[in-house]
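Here's a quick briefing on a ligand site and a couple of backbone oddities. Have a look at the structure first, then run through the points below.

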Amino acid sequence: MSTAVRSFAKINIGLKIGPRREDGFHELRTLYQTIALHDLIKIGVARGTGIEIHCNDSRVPRDESNTCWRVAEKVLQTLRIRSKVRITIEKNLPVQGGLGAASSNAVATMLGMERSLKRQLPPEERLRIASEVGSDLPLFLIGGTVLGIGRGEQVYPVDDLPSFHCVIAAPDVGVSTPAAFAAWDKLQAGPSKLTGKRPSDKINTFSQSVYAWLNGSSFSPTGVPSKGWDRAEALLLDLVRTGMENDFESVVFPLYPAVRQVKRWLEREGAKYVSLSGSGSSVYGLFASRQDAAQAAKALNQADIRAQATSTLPRTKYWKDIFPARTARR
Ligand code: C5P
């Protein structure tokens, strides 16, 4: 029997790229937020050895370059278990879309294997495996609203934001994250370095922005409610005011003008806040109501831009929904 796991996607609300470190990675600051869109991972274990990957999308690798494979191998090693592992990925999320799909698939594989093998990894081993495989995996061990620092792999749960209505638009291009970082380095080496601001200065402003944003609305002297949609609306307004941005936009938009166009579409359709997610190519818009989001998604689809209306996923709901309820056998 196989274990099914929902592999939810994430968006980045603000992303600041800092200096390139000696290990080649870039220091970053970001606020990750899980969303309700997901792939479905099915894990089957049997006697024997070997890892098999099956996927309905031919762009997904089926060998050891797949993050699910790498996690599966490490889980077996850590638990000191021999087993045949069959991983089936039902892909709905965009590939190379900046929604953390491959990372989330890998964490779902870890959770599914634990359940199928009836063994649990200690929390620190889960985190070690996740951060060894990629910078974007650990956030999926927390879910909800998560602060990411270091190369993105050091994660801290923060108070969950209220659920926002959103539209995820996926332009028809895939962006390679290493290529986007390389383009960023090139940009930094150009004339803009004359502005005198060091990357380490700029990165420090991010935490101030996040602090100002998360605290601004709830402590407002006008007495904005601390709960419910009114708070969500106040936070949306403040997010725009705080001016939190994703640094990748400055390299991805010039390389892929179609992605910038999608941002414009979402703005025109009434989104309160629009941003590239991760290194793209997905762009999300936050909306004031479910109807506004649904209408915007419809308009984008009519213009041949793949878009889906959904909502952000707070931590409790993330963990409640991660294992789909088993349907009763007849
Ligand atoms: O950690 P992950 O496998 O997602 O990183 C993929 C690549 O993206 C790295 O090899 C590196 O080139 C780049 N990267 C980076 N700085 C980060 C995260 C990733 O330069 N903080």
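Sorted by class, the shell around the ligand comes out as 4 nonpolar, 5 polar and 1 charged residues. Keep in mind that this is a predicted model. The ligand sits in the largest pocket, and since domain 1 (3-161) and domain 2 (165-311) both give residues to its shell, the ligand lies between them.

**Who's around the ligand**

- The residues to click on are Gly24, Phe25, His26, Leu28, Gly134, Ser135, Arg151, Thr177, Pro178 and Phe181.
- Two elements, strand E2 (26-46) and helix H4 (177-189), each bring at least two residues to the shell.
- Helix H4 gives the largest share of the shell, with 3 residues.

**Polar contacts to the ligand**

- Histidine 26 has a polar side-chain atom sitting 2.7 Å from an oxygen atom of the ligand.
- Serine 135 also uses its side chain: an N or O atom there is 2.6 Å from a ligand oxygen atom.
- With arginine 151, look at the backbone: an N or O atom of its main chain lies 3.0 Å from a nitrogen atom of the ligand.
- As for cover, the ligand taken alone exposes 450 Å², and the protein buries 70% of that.

**Backbone oddities to check**

- Going from glycine 280 to serine 281, the peptide bond is cis, and its omega is near 15 degrees.
- You'll find serine 281 in the loop that runs between strand E8 (273-276) and strand E9 (283-287).
- Lysine 118 isn't a glycine, yet it has a positive phi of about 55 degrees.
- To locate lysine 118, go to the loop between helix H2 (101-117) and helix H3 (123-133).

**Quick recap**

- For the ligand, think of a molecule between domain 1 and domain 2, with side-chain contacts from histidine 26 and serine 135 and a backbone contact from arginine 151.
- For the backbone, the two spots to bookmark are the cis peptide bond between glycine 280 and serine 281 and the positive phi at lysine 118.

Conventions:
Residues are numbered from 1 along each chain as its sequence is written. This is a predicted model: local features need pLDDT of at least 70, side-chain atom pairs count only at pLDDT 80 or more; totals for chains, interfaces and linings use all residues. Side-chain values use heavy atoms; hydrogens and water are left out. A residue is near a molecule or strand if one of its heavy atoms lies within 4 Å of it. A polar contact is a pair of N or O atoms within 3.5 Å; within protein, one must be able to donate a hydrogen and the other to accept it, and residues adjacent in sequence count only if both atoms are side-chain atoms. Accessible areas come from the Shrake-Rupley method with a 1.4 Å probe; for residues, only the protein chains shown count as cover. On a 1 Å grid over the protein atoms alone, a cavity is a set of points where a 1.4 Å probe fits but cannot get out, and a pocket is an open set with protein on both sides within 12 Å along at least five of seven lines; lining residues have an atom within 4 Å of a point. A molecule sits in a cavity or pocket if more than half of its atoms lie within 2 Å of its grid points. Helices (H or I, at least four residues) and strands (E, at least two) are DSSP runs, numbered from the N terminus. Ala, Val, Leu, Ile, Met, Phe, Trp, Tyr, Cys and Pro count as nonpolar, Asp, Glu, Lys and Arg as charged, and the others, Gly among them, as polar. Domain bounds come from an automatic or database domain assignment.
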